[in-house]
Structure formats: C-alpha cells, structure tokens
Amino acid sequence: MRSTDIDTKKALLAIFILALAIRLFFGIHSYLNDGTANYTDDWLYIHYAKNIISQGVAVPDVESLDRGVVESIGKKFKGASLIGPGYPLMITPLIIFFGDSVLSLVFLNAIMGALICVLIFFLGKEIAGKRAGLLASGW
C-alpha cells in the first residue's frame, strides 16, 4: 500500500469524524434547547415506525398514523399516511432497541450525514480526481 493511499484514508477518517462531531453537536444542542415540541416530522416518523412494529409493514389501519401523531404532539394533524415507508423502516430497529426518543434519530441522521461526506469524496474522485474529492467531501 502506498503512502498516498494511507494519507487519503487518514484524511477520509478525519473528515468523517469531524462531520459526525459537527452533526452530533448541533443535533444534540437542538434537542436539548428546543425540545421536540415543534418536530412534527420526527414524531410522525416515530409513530409510523411504531405502527410498523405493531401492525407490520403494510400498516392496514392507516387512520392510526394520524391519531398517533395527534396524541403525541397534541395538535391536529392530517396526512401522516402520505409518507413513504423507507425512513420509518430504517428507524424501526432504533425504536425497538432504544425507545421512541427523537435523540436516537439525531444519532442515526448524524451517522448517515457523515457517511455522505465519504461518498462525496468517491464521487469527486471519479469526476475530477483525488484532490477534488477530498476538497468536496471536506466542504
């Protein structure tokens, strides 16, 4: 293995760690200071995931999605059944293992966002070379 490959891997690891730290800092800061009162999307996805756990992926009782969001945030809400099942399916294991906290979504989103920086490196490397990939992923 050449030293430039090792340097690239170290740079990518540093970018990933920095991106993860920034996302975790702002996500946790927002969670602790704002709470979850205005995060209707988060509660919507959490309730969809809970319905997937209780009813299966098809969620035959679609009305329960809207009722669940109204019960948790105390606001009238209609249209919860209009979202796709992709993200709720992804967070279902988090809800099973860690409970229905928005904080677990912050961790998942931070990890996925930091991984996007790594993917941007590979995309930039293919398009314009290694240096461009590193600059793009660190931006």
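Let's start at Ile 22, which sits in helix α1, residues 3-34. Ile 22 is partly exposed, with a relative accessible area of 41%. Keep in mind that this is a predicted model.

What does Ile 22 join at the surface? Together with Leu 18, Phe 25 and Phe 26, Ile 22 makes a nonpolar surface patch of about 430 Å². One member of that patch, Phe 26, counts as exposed, because its relative accessibility is 52% and the cut-off for exposed is over 50%.

Now the aromatics. How many aromatic pairs are there? The count comes to three. One of them is Phe 25 with Phe 26. Their ring centres are 5.1 Å apart and their planes stand at 75°, so this pair is edge-to-face. Another is Phe 121 with Phe 122. Here the centres are 5.0 Å apart and the planes are at 70°, so this pair is edge-to-face too. Look at the burial of these two neighbours. Phe 121 is buried, at a relative accessible area of 1%. Phe 122 counts as partly exposed, at 43%.

Phe 121 takes us inside. The largest nonpolar core has 11 residues, and Phe 121 is one of them. Which others belong? Leu 12, Ile 15, Phe 16, Ala 19, Leu 20 and Leu 24 are in the set, along with Ala 110, Ala 114, Cys 117 and Val 118. Two helices, α1 and α5, each supply at least two residues of this core. The largest share comes from α1, with six residues.

Next, charges. Side chains of opposite charge can pair when their charged atoms come close. How many salt bridges does the model hold? The count is one. Lys 50 pairs with Asp 100, and the closest N and O atoms are 2.7 Å apart. Where do the partners sit? Lys 50 is in helix α2, residues 40-55, and Asp 100 is in the loop between α4, residues 86-98, and α5. So the bridge ties together parts that are 50 residues apart in sequence. Are the partners buried or exposed? Lys 50 is partly exposed, at 32% relative accessibility. Asp 100 is also partly exposed, at 33%.

Last, confidence. The mean pLDDT of the protein chain is 79, and 76% of its residues reach 70 or more. Where is confidence lowest, and where is it highest? The low point is helix α3, residues 63-73, at a mean of 58. The high point is helix α5, residues 102-128, at 90. Recall that α5 is one of the helices supplying the core.

How values were computed: Residues are numbered from 1 along each chain as its sequence is written. This is a predicted model: local features need pLDDT of at least 70, side-chain atom pairs count only at pLDDT 80 or more; totals for chains, interfaces and linings use all residues. Side-chain values use heavy atoms; hydrogens and water are left out. pLDDT is the predictor's confidence in each residue, from 0 to 100. Helices (H or I, at least four residues) and strands (E, at least two) are DSSP runs, numbered from the N terminus. Rings of Phe, Tyr and Trp (its six-membered ring) pair if their centres lie within 6.5 Å; planes under 30 degrees apart count as stacked, over 60 as edge-to-face and the rest as tilted. Buried means under 20% relative accessible area, exposed over 50%, partly exposed in between (1.4 Å probe, protein chains only). Patches are made of residues with over 30% relative accessible area and no salt bridge: like charges are joined within 9 Å, nonpolar side chains (Val, Leu, Ile, Met, Phe, Trp, Tyr) within 5 Å. Accessible areas come from the Shrake-Rupley method with a 1.4 Å probe; for residues, only the protein chains shown count as cover. A salt bridge is a side-chain nitrogen of Lys or Arg within 4 Å of a carboxyl oxygen of Asp or Glu. A nonpolar core is a set of buried Ala, Val, Leu, Ile, Met, Phe, Trp, Tyr and Cys residues joined through side-chain atoms within 4.5 Å.
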